[in-house]
Protein chains: 2
Amino acid sequence: MTDVHFDKIALIGIGLIGSSIARDVKDQGLAREIVISTRSAETLKRAEELALGDNYTLSAAEAVEGADLVVVSVPVGASESVARQIAQHLKPGAMVTDVGSTKASVIAQMAPHMPSGIHFIPGHPIAGTEKSGPDAGFLGLFKGRWCILTPIPETDAGALARLRAFWEALGSRVDEMDPQHHDKVLAIVSHLPHIIAYNIVGTADDLETVTESEVIKYSASGFRDFTRLAASDPTMWRDVCLHNRDAILEMLARFSEDLAYLQRAIRWGEGDKLFELFTRTRAIRRSIVEAGQDVDAPDFGRHALDEKKS
Amino acid sequence: MTDVHFDKIALIGIGLIGSSIARDVKDQGLAREIVISTRSAETLKRAEELALGDNYTLSAAEAVEGADLVVVSVPVGASESVARQIAQHLKPGAMVTDVGSTKASVIAQMAPHMPSGIHFIPGHPIAGTEKSGPDAGFLGLFKGRWCILTPIPETDAGALARLRAFWEALGSRVDEMDPQHHDKVLAIVSHLPHIIAYNIVGTADDLETVTESEVIKYSASGFRDFTRLAASDPTMWRDVCLHNRDAILEMLARFSEDLAYLQRAIRWGEGDKLFELFTRTRAIRRSIVEAGQDVDAPDFGRHALDEKKS
């Protein structure tokens, strides 16, 4: 069986994802030592208060010294900077991975800096919430969630197997995918939904005929689901937009085209076209529930939760 | 204190909303008799199996005979047909209300048919889930939710107070609003989000480069929130689109304009514009949580729920 234990794991970036990894690694004793590094002194202090690791440093270069596994969990736009900082300090044979939501860009930013003998395997755990920062992480975030690894031509099969086993130890189900294809898939299932959510919340905020307090008061009727997505980390999402541009623009064009069709059907009272679409989409929802990607409790079981709390 | 008890309540339509009203009325003994009417024999049979009322009939005209309160809970496009059927059978002094998501259209469809001496007060409880049909209703659906009444010039103050007290007895918080304004508010907080959700799920379904099974598999990353909305009742939503056309087209135009701006910012790499919007929308989310319109649990507390279930 593949050994998922490491002597020293360096976590570069300690937000929602990084800190969840730290918690899981600690909980399962997957590393003899966890070193945490982040650019912000305040965040690093908070990580230490939360006792997420064993050692803490503002220097990514220092953090990776002697590490067997380096996990980079920063906004994707910072990937190259991190790669530059750590490249010359990596231990020969070390494995470097990341958790970014876009893969082609991260590879383009990091791969050229990786010395030979380093196993660089990009990855993307599809897990998270709208919260950010080290306090937002929690034990078990990756349980039952998919993690997509996007190996590059140089990837060593043994290292890949070890990283896969690591994510599986954290409870993830692991898939492998071509980086470009990953970026298209994520553009439609994640990036576009977030962009649309940000957009509609912005539109509502700008209205003159409906007040902001009315929007807030009656948000339960659909709008609030969008506000949750639109509360996600601005830096992370700015970077996703800038670093998965082509796939996002392609999906946005399709979306807008479809929306124009829908708009025209509404204008001309073509109820049959509306009914056809509104029926078709139900089937997809059913498949998602069947695939275990959501619970079937109505309204996301929010009522159940409300009752539990009250 | 205003009496919220009725001798006979007629429920025309027994879907998610109608059947939830039936459950609450029965639970609290707000009526000596509940009569249920719906167009579909199958649905009526199911309502009877669920023991939602005291008497059941396929004839709306028969149902309203002798009723003090008539609650019409049908897709808004069926409002005129119901008004025609019941008009000549209403008891003098009876109160007629509805629960439709658009108000100007319902008033235009129903008011001309209401005989003098009938108190017609349109209403809209902002409550529901993506489920539909009599099995989808539940006790307490309206608890803590807003109900908007949109009185018309002829509305009698005493009748209005009584209907308000009725909804308050069901746990609702009641607001009064001009029908046209209601339609604009709902266009942005509810109708547009649903239309956008239907649209994006349709777009995803049509892609050639990403398979449907991939969309389903990785839906947890944002997409699934849209699929829930897009699983709502097709007939209801077709009618909403057709009957709140002007307000919806206005909001859609604003949304598309804003999306074009965002798209351009992505194309030209204008990270500052993206960051500004993505930051602004966070504040609205905060206000919604503060206003008690959503719980602050990350990911809608889905993890908490998952853990509870597992």
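**A buried aspartate and the interface of chains A and B**

A:Asp175 is buried, with a relative accessible area of 16%; the cut-off for this class is under 20%. The model is a predicted one, and this aspartate makes a convenient point of entry to it. A:Asp175 belongs to strand 9 of chain A, which covers residues 173-176. Leaving aside residues up to four places away in sequence, A:Asp175 touches A:Trp146, A:Cys147, A:Ile148 and A:Leu149 within chain A, together with B:Lys217 and B:Tyr218 from chain B. With B:Lys217 there is also a polar contact, side chain to side chain, at 2.7 Å.

From this residue the view can be widened to the whole interface. Here 111 residues of chain A are in contact with 111 residues of chain B. The size of an interface is often given as the accessible area lost when the parts come together. For chain A and chain B the buried area is about 10,900 Å², and 65% of it lies on carbon and sulfur atoms. Polar contacts across the interface involve 38 residue pairs, with both partners at pLDDT 80 or more. On the side of chain A that touches chain B, two or more residues come from each of several elements, among them strand 8 (146-149), helix 8 (212-217) and helix 12 (271-290) of chain A. Helix 7 of chain A gives the most to this side, with 21 residues. By residue class, the side of chain A that touches chain B comprises 54 nonpolar, 26 polar and 31 charged residues.

Charged pairs also link the chains, and the count of salt bridges between chain A and chain B is ten. In one of these, B:Arg280 is paired with A:Asp205, and the closest N and O atoms are 2.8 Å apart.

On the chain B side, B:His194 is a residue worth a look. B:His194 sits in helix 7 (residues 179-206) of chain B and is buried, with a relative accessible area of 6%. Beyond residues up to four places away in sequence, B:His194 touches A:Ser221 and A:Gly222 of chain A, as well as B:Leu229, B:Ser232 and B:Trp237 of chain B.

Strand pairing within chain A completes the description. Strand 4 (residues 69-72) and strand 5 of chain A run parallel and are joined by four bridges, with A:Val70 standing opposite A:Val96 in strand 5. In a regular strand the side chains alternate between the two faces of the sheet. Strand 5 (residues 95-98) of chain A is covered on both faces: A:Met95 and A:Thr97 are buried on one side, and A:Val96 and A:Asp98 are buried on the other.

Key. Residues numbered from 1 in each chain as written. Chains lettered and ligands numbered in written order. Predicted model: local features only at pLDDT ≥ 70, side-chain atom pairs only at ≥ 80, totals over all residues. Heavy atoms only, no water. Contact = heavy atoms within 4.5 Å. Buried area = accessible area lost by both parts, 1.4 Å probe. Salt bridge = Lys/Arg side-chain N within 4 Å of Asp/Glu carboxyl O. Polar contact = N/O pair within 3.5 Å; in protein donor to acceptor, adjacent residues only side chain to side chain. Nonpolar A, V, L, I, M, F, W, Y, C, P; charged D, E, K, R; others polar. Buried < 20%, exposed > 50% of the residue type's maximum accessible area, 1.4 Å probe, protein only. Pairing = 2+ DSSP bridges.
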